[in-house]
Amino acid sequence: MRAEAENETGEVGPAERLHEAVGFVACRDGQRLALTEAFDARRSSRPGGDAFLLLHGFAQNRRGYTLGPMPRALLERGAHVFLGELRGHGDSAVRRDGSWTLADHLELDCPALLEGVRERTGVERVHLIGHSMGGLLGCALLERDVPLASLTAVATPLLLGAARPLVRFASSVVGPLAQIAPRRRRVPMDWFLRALAEPLAASAPSAPVRMLQRLTRLANPQAARPDAIAAALASADAESPAVVEELARNAVRRRPRLAGVDLVAALRGATLPVAAVVGSDDIFAPRAAVRPFDEPGHAGRRRVVEIPGGTHIDAILGHHVPETIATLWEFLVGRSGGSVED
């Protein structure tokens, strides 16, 4: 089943010649979500190939992936590649005065997106790659009866604020402030990230801009294409106050929870393969933030890949992505395999 609307991504470099087939799925509560298939007009996915759902992070949307090399890296291995957009993000619009919670994402959005991928491909189980908040939702899904084949949590702050006292302090302030509902019940993360887009993507920054880049560690213009970083940040979405508040609350918890799910317990109990990808310079999701991956007692296989010099946005946009996918491929799908011939 192809798209309701089909268009070229219009990007350059690694995304060149990729197309997007934009379709929609319906949640149990009637919310429509955009589920976009990425494909290369010159190459077909392998019949019966593995299916991947790429899930964006906080205040982001599918452009965090389509601007970078990840869809192509998966397509070249014969996979079906889909990009899901949670309610309130990208083309998954909600009513003008509406809000949403992480429980809505977990209990309504993710099952609908996974089922949409299964219906379009005929696969039994779907490989999920989640960036930041998307990775947290993936960890929570490990406790649920959903058709996952594997999970890759990219730049995912499982232990938000681990080894980062400043992040913990900032979260303790931001969380309560988010509950002062702004106009249209949104936290204007899009305004904030749009203002940061050009300075954080500057490859030859002035001294003040360099200091800003080092302070935020949201993006490293040496680790990814600067134009892709700027475009991804500039296309950010406003967020729900409830989502901001719950994510911030995890920074001060001893044990992280998402929509009532104990994330560490869910990770330990899952039998499917789970990988984490972290950047050495990411202040939100450093190596310490995925410490539970290294602890004993897991029911399934676990792996952590650390990207030298990597920060938060370039975790999915960076030059490292094709090599990282190659490194993780056999771990995730249970077999080796190279690129599909043109």
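In these exercises a residue is called buried when its relative accessible area is under 20%, exposed when that area is over 50%, and partly exposed in between. The structure is a predicted model.

**Exercise 1. Classify the two partners of a salt bridge in helix 3.**

Determine whether Glu 115 and Arg 118 are buried, partly exposed or exposed.

*Solution.* Step one is to identify the pair: Glu 115 and Arg 118 form a salt bridge, with 3.0 Å between the closest N and O atoms. Step two is to place the pair: both residues belong to helix 3 (residues 102-121), where they stand three residues apart, about one turn of the helix. Step three applies the cut-offs. Glu 115 has a relative accessibility of 33% and therefore counts as partly exposed. The relative accessible area of Arg 118 is 27%, so Arg 118 is also partly exposed.

**Exercise 2. Classify the partners of a second salt bridge.**

Decide which class applies to Asp 262 and which to Arg 255.

*Solution.* The closest N and O atoms of Asp 262 and Arg 255 lie 2.9 Å apart, and the two residues form a salt bridge. Asp 262 has a relative accessibility of 15%, so Asp 262 counts as buried. For Arg 255 the value is 37%, which means that Arg 255 is partly exposed.

**Exercise 3. Explain what the salt bridge of Asp 40 and Arg 72 ties together.**

Which parts of the chain does this pair tie together?

*Solution.* Begin with the contact itself: Asp 40 forms a salt bridge with Arg 72, and their closest N and O atoms are 3.1 Å apart. Next, locate each partner: Asp 40 lies in strand 3 (residues 32-40) and Arg 72 in helix 2 (residues 70-75), so the pair ties together parts that are 32 residues apart in sequence. Finally, consider burial: Asp 40 and Arg 72 are both buried.

**Exercise 4. Place these pairs among the salt bridges of the structure.**

How many salt bridges does the structure hold, and which residues are linked in a network?

*Solution.* The count is 15 salt bridges. A network of salt bridges links Glu 20, Arg 62, Glu 85 and Asp 91.

**Exercise 5. Describe the nonpolar cores.**

Which residues have the most contacts inside the largest nonpolar core?

*Solution.* The largest nonpolar core has 47 residues, and Leu 53 and Leu 142 have the most contacts inside it. Helix 3 supplies the largest share of this core, eight residues. Leaving aside residues up to four places away in sequence, Leu 53 touches several residues, including Leu 35, Phe 82, Leu 113 and Val 117. A second, separate core has 29 residues, among them Met 70, Ala 73, Leu 74 and Val 81.

Definitions and conventions
Residues are numbered from 1 along each chain as its sequence is written. This is a predicted model: local features need pLDDT of at least 70, side-chain atom pairs count only at pLDDT 80 or more; totals for chains, interfaces and linings use all residues. Side-chain values use heavy atoms; hydrogens and water are left out. A salt bridge is a side-chain nitrogen of Lys or Arg within 4 Å of a carboxyl oxygen of Asp or Glu. Helices (H or I, at least four residues) and strands (E, at least two) are DSSP runs, numbered from the N terminus. Buried means under 20% relative accessible area, exposed over 50%, partly exposed in between (1.4 Å probe, protein chains only). A nonpolar core is a set of buried Ala, Val, Leu, Ile, Met, Phe, Trp, Tyr and Cys residues joined through side-chain atoms within 4.5 Å. Contact means heavy atoms within 4.5 Å.
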